[in-house]
Structure formats: C-alpha cells, structure tokens
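Subject: Handing over the two-chain model

Hello,

Here is the structure I promised to pass on to you. My notes on it follow below.

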Amino acid sequence: MKTFILTLLLCFLSVGCATTRALPVYEESGLTVEEKKLLASAAEEQAFLESSGIIYEDEKLEEYLHQIVSRLQPSSVRDEIHFRVKVIKDPHLNAFVLPNGTIYMHTGILARLNNEDQIAALLSHEMTHVLKRHALMSSWGRDAGSPAFLGHLGKIGDFLALLGSIGTMASLSGYSQELETEADLVGMAMMSAAGYDPKEVLRLFEHLTREKEEQNIKEPFFFGTHPRVERRIENCRQFLGTSFEETGPGQNIERLFLERMKEVILDNASLDLRAGRYDSARRGAEKVLKTGQDDARAYFLLGEIFRQRGGSADYGKAKAFYEKAISIDPKYPDPHEAIGLIYYKEGEWVLARQFFESCLALSPHPPGKAYIEGYLKKCVRRGIDS
Amino acid sequence: MKKILWISLLFITACATGGSHEGASQNYLVESPEKWVKLNSNKYLIFTRESAFEQYILIQQRPVDKPFKHTKRTFDKGMLPQEAAEVIIDEIISDRTILNFRVIENAPAVVNQYDGFKVVFTYKNKEGLEFKTIYYGFLQGDWFYNLRYNAAENHYSEKDIRTFERVLKSFQIDASQSV
C-alpha cells in the first residue's frame, strides 16, 4: 500500500495535471521572468509581514512546525525548495503560503487543531501550492487578474490590503477550483507518504466549517473561493475511500499534542477575547483545561470572558474563575487586579482594596498601575466614609 | 482612490477657524484652534494645521451601544474608564491594517469634569509610516466622547500638543442640545 501511495505522490509531483508545469520549482536555471518577478514580490511581502509586529515569536513552535514540513516534503524536491513556517498573531482561522515557500499559519487555526495530523493536513495543502507552482499559474492570468478574482479581493478581509502583488494575493484569497482540489489531493498523498493519517483532513474541514457557521462568514480564507467547502469535503472523502483504506492512526495523540500547543492556544484565546470572540476564547481556555492540567492562566481567561461579556450578571462566575487561578498560582497578579475591579464596581471597598494591594505587592508595575492607584485612593476614602 | 476623495472633501469643506465650534449634529462645544482648518461632518469634528495626513485633532461622539468595526466587544454604560480604554485598545489591535501598535501610556484622565482615560500609542500604516496618537475618552450617559491628536512621526510637535490641550480644556457637553 505504501508503495502505491509513494507512486501516486511521485506521479502527482512529476507529471501533474495537464495545466501544471512539472519542472522543479526554483531551480535557478529553470526560472522564468515571471517566476523571478513573483519571487521578488514574495520576498518583499515576507519582509513587510515579518517587520510589522504580527509575527508570533516562539522558536520552539516554529521548530516543531518545521519538523512536520521536513517530514512531509518529498525527498525528490528537498533541495529545491526551502520551506519555512511562521505563525501570525491572528485569531481568525487561516493559513497561506508565499510562492517562495514561506508558510504563514494564524494562531487561530493552530489553536483549533487537535493533533499533529491536522497540522500536517494544513501544511501539505499549502506546500502543494508551492510545489505545483499555483501562484505562477495565477499570475499567468488563469485566476488572478480576471475581473472575478479582483472583485473577490475586497470581500475577504482587510488583511489582503496589506499585501500588494496579485500573484501572491492569490495565495491568500484562494485559487481556482482545479488548483485547490489538486492541493487537497496531493496534500493527502503527501500526508500518507509521511505516515500521517489523511483522514484528518476531514477533521480540519470540520473546524473550518464550524468557524464559518459561528462567525457567520461566507468562506474562511483557507477554503478559497472554489469549489465550495461541501464539494471539497466530498472530493476528499472519495479520494480517501479509493486510495487510503489501510492507513494507520498517524500521529493522532491528542493529549501530548495539546500540552505542546498550550501556550499558543492560550495566547490565541487572549486574542479572541480582544476581538470579542468570546465563544472561541472560551473554547481555547477549556481546551487547555481538558488536558487534565490545572492552568492558572486558563482560569484567569475564563474569568475575563465572564467579566467582559456578561457584565455584572456574570461577576459571580468571573470571581470563581479568578479565585481558582489564584489558588493554582498565588503569585499571579492579574486575577488579583480583576477581582479588585469587580469588588470596586460592587462598592465592596475593603475587599477591593485588599485585592488591589495584593496585586501591587505581587507586581509593583502592572500595566494598569495608574488606574489601581486611583482606585486605592477612592477605596480608602469611601471605606472611611462608610 | 479613497484618499483622493478624502483630500478633495477636506479642501471643499475646510474653512479657516477660530472661536467656538460645536460638532455638527452633536451636543458638545469646543474652542477651535487658531489658524487650523476645520472639517465638520455628522460623524466627527476634525481640525488640521497642514493636512489630515500630517496631523489632526479629532473630536467624536458615538452612541455607547454602537458596534465597533474590528472587535465585537462593546461599551457598557457602567464601565470604568480603564475598561473603556481596554475596549478602544482592543478595537485598534483587532484592526489588521494597524501595524506595530504599541501603547506608551494608559492612565486615568479627566476631560473637563468627566472621568475618563488617556491612551498614548504609536503605530505604522501599511506604507510603513509611523504615527503617534494621544487619545482621551470618557463615557457619559448614552455616549462615548473621544478627543484625539494624531500626527505622522515627523509632524508630531509639542506646539501642536499644547494646541490640543487647549481644545481639550475647552471641551464642554452642551446639555441644552438634544441629539
């Protein structure tokens, strides 16, 4: 079976469909003028993205993602493309690749996945866009540059407005039906050849479908424009049914994976909270707690969700989560400040003062120090008056 | 294209200022800075000395329950100034065209007699130009009021900040005006 999948993958990579050029990508001698132009644009966009403060800095995470890429990358093209993976601080579910092989994954999508196979599903899809030169094909006018393509750009979010080149824009906005299908199918073949379970592609689609429904968006970036998600899922199911019956469990070890991803899940939950995506933020915090680890930051985030979303009606629930966070890590200042704020708003001056003082004792210069000092003065004054 | 329209609008409607001005369809009064030009709209009152891309002072009044463009968080009438400042910061952070956003100061502040907040921040736009903003805001009844001084890095000046502080000091809610 393994031989069959490897043969299938080699066929995809070396022959491709009728519209795909089969030359190895970025072999200097084989570069066309368009490719050189496209790579220059990609380098500019990469430099811009990486100096804009949106990159999530976590060397260990990048190294881990790079290991998955290395495992997926067919040896026949290993020396020709140097894939890199960077993570973007953004709670929306998306990933894209520049034509030079730099893959960008949002924290939002990383936080949603449940195992390494699902990351491999996403990465292999993006890698296929590069291996099969999809951006170049778009720059030839098959996708990009057409009125339909340009018209679509304005509708899929302001992130696109940051990047300029049409060829590389296609990598964000999605390719044609044919190219996206090719990326799905070749991606699954790559997964299987690397020992991942290609059935996890369907789980990846489930996450994206759920996001689409919850956020009431037409299509998340990753789905591209064509074909619609339902059709892509169906294509993948059919392909799985005919080619991968005997695949093993892959790397579907959820608990270990979640422990490794804990920090990015919690950081992303904070981003969700800032964006007012309370359900997503809650899902992130609860996901970490489901691993069986008591985590003070996860409880603090749950407290923040209830304080910010529910207002005074949910203050009781918020306080309970903050207290749980303090019980796990008594030296964590943030829940002290947050409980102080609730007591302050409830007119409980003595209790508010106690928590504000404990916050300052744990962290003499918190970001809200000027506010806390003001609250303390009022607490003292009002405590005496009452 | 948007920029061209915006600049055209600025020059068509701009006029030399001086004296007291109220926001169009709004219920506040401010003293206009001398020799700055004014652009008045239903959404905000804006003054600029050279052009709005170099520096501006903006005064805005928005309903407390009006949704924001980038964050789904909303104001609540009972919010403390610190909480209102958090919402504003979250709105800016959630705007994906605001890059390298950095809060320099976030502190309680009083605008006239109203308890509010002052946030000073810097950011870059997609062209890589750096801007600095001083943002005062407060909640009052059904409204959130904000007064901002924004300037490109090379146009940010102490003289303009003093002008902004005079505008800030002159700010009054005109209770006789129903909105």
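Two strands are taken to pair if DSSP finds at least two bridges between them. Strands themselves (E, at least two residues) and helices (H or I, at least four) are DSSP runs, numbered from the N terminus.

Before the findings, a word on the source. This is a predicted model, in which local features need pLDDT of at least 70 and side-chain atom pairs count only at pLDDT 80 or more, while totals for chains, interfaces and linings use all residues. Residues are numbered from 1 along each chain as its sequence is written, and chains are lettered from A and ligands numbered from 1 in the order in which they are written.

Let me begin with chain B, which has 3 helices and 11 strands. Read from the N terminus, its elements follow the pattern α-β-β-β-β-β-β-α-β-β-β-β-α-β. Three of its strands can be followed one after another. β7(B) (residues 99–111) runs antiparallel to β8(B) (residues 114–124), and 10 bridges join them. Within that pairing, B:N106 has B:V119 in β8(B) as its bridge partner. The hairpin of β7(B) and β8(B) leaves 2 residues between the strands, and B:N112 takes a positive phi near 55° there.

β8(B) then pairs with β9(B) (residues 130–140), again in the antiparallel sense, over 8 bridges. Here B:Y123 is matched with B:F131 in β9(B). This hairpin has 5 residues between its strands, and B:G128 in the turn has a positive phi of about 90°.

Earlier in chain B, β5(B) (residues 44–48) and β6(B) (residues 55–63) run antiparallel and are joined by 4 bridges. They form a hairpin with 6 residues between them, and B:F47 has B:I57 in β6(B) as its bridge partner. β5(B) is mostly covered, with 4 of its 5 residues buried. A residue counts as buried if 20 or more other C-beta atoms lie within 10 Å of its own, exposed if 12 or fewer, and partly exposed in between, with C-beta atoms placed from the backbone. Over the 179 residues of chain B, buried ones make up 35%.

Now to chain A, which has 18 helices and 3 strands. Of its 386 residues, 47% count as buried. The strands form an open sheet in the order β1-β3-β2, with mixed pairing. β1(A) (84–88) and β2(A) (95–97) stand at the edges, each with a single partner strand, so one side of each is left without a neighbour in the sheet. On average, neighbouring strands of this sheet are turned by 20° against each other, direction ignored. β1(A) pairs with β3(A) (residues 102–106) in the parallel sense over 5 bridges, and A:V85 stands opposite A:I103 in β3(A).

Two helix pairs in chain A may interest you. Axes here are lines fitted to C-alpha atoms, for helices over the stretch in contact, and angles run from 0 to 180 degrees between N-to-C directions.

α12(A) (residues 254–274) and α13(A) (residues 278–289) have axes that come within 8 Å and cross at roughly 155°. That makes α12(A) roughly antiparallel to α13(A), a label given to angles over 145 degrees (under 35 is roughly parallel, 65 to 115 roughly perpendicular and the rest oblique). Residues making the contact include A:L258, A:I265 and A:L273 of α12(A) and A:A281, A:G284 and A:V288 of α13(A); two residues are in contact if their C-beta atoms, placed from the backbone, lie within 7 Å.

α15(A) (residues 315–328) packs on α16(A) at an angle of about 155°, with the axes 9 Å apart. These two helices are therefore roughly antiparallel as well. Among the residues that make this contact are A:Y315, A:Y322 and A:I326 of α15(A) and A:P335, A:I339 and A:I342 of α16(A).

Finally, how many residues does each chain bring to the contact between them? Chain A gives 20 residues and chain B gives 18 residues. On the side of chain A, α16 (333–345) and α18 (369–385) are the elements that give two or more residues, and α18(A) gives the most, with 3 residues. The residues of that side divide into 9 nonpolar, 7 polar and 4 charged. In this count Ala, Val, Leu, Ile, Met, Phe, Trp, Tyr, Cys and Pro are nonpolar, Asp, Glu, Lys and Arg are charged, and the others, Gly among them, are polar.

Best wishes
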